[in-house]
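Let's take a walk through this one together, starting with its cysteines and then moving on to its strands. Have the sequence and the model open as you read.

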Amino acid sequence: MIRAALATAFSASLLMGALAFAGPAAAAPPAFGAPIDCRIGETCFVQNYVDEDPGPGWRDHACGRLSYDGHDGTDFRLPDYTAMDKGVAVLAAAAGTVLRVRDGMEDVNVNVIGRDTVMKVGGGNAVIIEHGDGWQTAYLHMKRGSVAVTPGQRVEAGQRLGDVGLSGLTEFPHLHFGVRHNGTVVDPFVGQQPFTACGQAMKPLWDAATAKALAYRPTAGLSAGFATSRVPEAEPARHGEFAGETLKPDSPLLVLWSDIMGVRDGDTQRIRILDGDGRALFDNSKAITGDKAAWFAYQGLKRPASGWPKGPYQGIVTLTRDGKTVVTLERRLEVR
């Protein structure tokens, strides 16, 4: 299980370090396209939105919990490190001119290197683009060595700026996308008018296709898999160490793990493992206490004295909320 503070609470003014926004003027805002090349809700997920709560608490524009105190951008999360290693492009959300870039910072979980090491450059490898009339966008936490643009360069909407990474003050691979107008934070899901109440009319800054793709998803299944040789842990699982697991006659374990974002207090997680004939070898439900930015969990069996029955095996993870299933993850395991 991973702690609820996975989405580390740092203000973006601190994150930007020497790459701080600036600019005057005013006019109609740009229409932003997706700043990341992925299938939103399938191969990437919005983990955090702009914090709309003016006090010490937090809430996103949908009055949900996908934010943290002071967060001033949109975090597009990759499901695991394997996706980051393969490369997921960061894209210019609108045409403009590159103002500043930073590259060369290592891609590493901040819990490994320590927050003090990167506190002054928490945005990590980054690109800032000027769109005219005081509008600027920032693209933070990019992969080391991937930044593909230079200051003064003109870029078009959808042009590759680099790749999603793990640089700076972050605990998971993601792109932090920030929008400002004349130095003021703007939530692209809300628009320029202030957020005053749940359910108010929004004027999003996304273009129509992107707005549709970014339909609000409070919860999502990131990944799941089997472990047969040792108890799985979150970081190794996210690095792909359990990919391609097979079950041998003498395998000590048959464990199903899952990684889910946006878990809420009172949700119920059910884990089932079925044998090759569809019989349930394991079926257990667990009530979850407390909201979780991300929830890594596993359950399963030790090898029975008679050995494992025939496979292949099927694992099914479901998360239910108020009697409705909100996440289903299914995996199969072959027998060697």
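**Cysteine links and strand pairs**

Start with C63 and C198: the torsion about their S-S bond is about -100 degrees, so this disulfide is left-handed. What does the pair tie together? C63 sits in the loop between β1 (45–48) and β2 (74–77), and C198 in the loop between β10 (184–185) and α5 (208–213), so the link joins parts that are 135 residues apart in sequence. Keep in mind that we're looking at a predicted model. In it, the sulfur atoms of C63 and C198 are 1.7 Å apart.

How open are these two cysteines? C63 has a relative accessible area of 28%, so it falls in the partly exposed class, which runs from 20% to 50%. C198 comes out at 47%, which means it is partly exposed too.

Searching the whole structure turns up two disulfides. The other pair is C38 and C44, with sulfur atoms 1.9 Å apart. Here the handedness is right-handed, with 50 degrees about the S-S bond. And are C38 and C44 buried or exposed? Both are buried. If you number the bonded cysteines of the protein in sequence order, the pairing reads 1-2, 3-4. As a reminder of the chemistry, a disulfide is a covalent bond between the sulfur atoms of two cysteines.

Now for the strands. Find β6, residues 135–142: eight of its eight residues are buried, so the strand is largely enclosed by the rest of the structure. Which strands does β6 pair with? One is β5 (residues 125–132), which runs antiparallel to β6 and is joined to it by six bridges. Look at the end of β5 and you'll see G132 standing opposite W135 in β6. The hairpin made by β5 and β6 has two residues between the strands, and in it D133 takes a positive phi near 55 degrees.

β6 also pairs with β9 (residues 174–181), again in the antiparallel sense and over six bridges. To line the two up on screen, use A138, which stands opposite G178 in β9. In general, strands of a sheet pair through backbone hydrogen bonds, either parallel or antiparallel.

Follow the chain on from β6 and you come to T150, in the loop between β6 and β7 (154–155). Its relative accessibility is 47%, so T150 counts as partly exposed. The C-alpha atoms of T150 and I128 are separated by 10 Å, with the two residues 22 apart along the chain.

How does the record label this part of the chain? UniProt, in an unreviewed entry, places the feature "domain: M23ase beta-sheet core" at residues 71–188. In the model, that span is 12% helix and 39% strand, and its end C-alpha atoms lie 13 Å apart.

One more sheet to visit. Three strands form an open sheet with antiparallel pairing, in the order β11-β12-β15. Which strands sit at its edges? They are β11 (220–227) and β15 (292–302), each pairing on one side only. From one strand to the next, the twist averages 15 degrees. Zoom in on β11 and β12 (residues 253–263): these strands run antiparallel and are joined by seven bridges. A handy marker for that pairing is A227, which stands opposite V255 in β12.

Key
Residues are numbered from 1 along each chain as its sequence is written. This is a predicted model: local features need pLDDT of at least 70, side-chain atom pairs count only at pLDDT 80 or more; totals for chains, interfaces and linings use all residues. Side-chain values use heavy atoms; hydrogens and water are left out. A disulfide is a pair of cysteine sulfur atoms within 2.5 Å. Buried means under 20% relative accessible area, exposed over 50%, partly exposed in between (1.4 Å probe, protein chains only). Helices (H or I, at least four residues) and strands (E, at least two) are DSSP runs, numbered from the N terminus. Two strands pair if DSSP finds at least two bridges between them. Axes are lines fitted to C-alpha atoms, for helices over the stretch in contact, and angles run from 0 to 180 degrees between N-to-C directions. UniProt positions are given in the numbering used here, feature names are shortened, and annotations may be inferred rather than shown by experiment.
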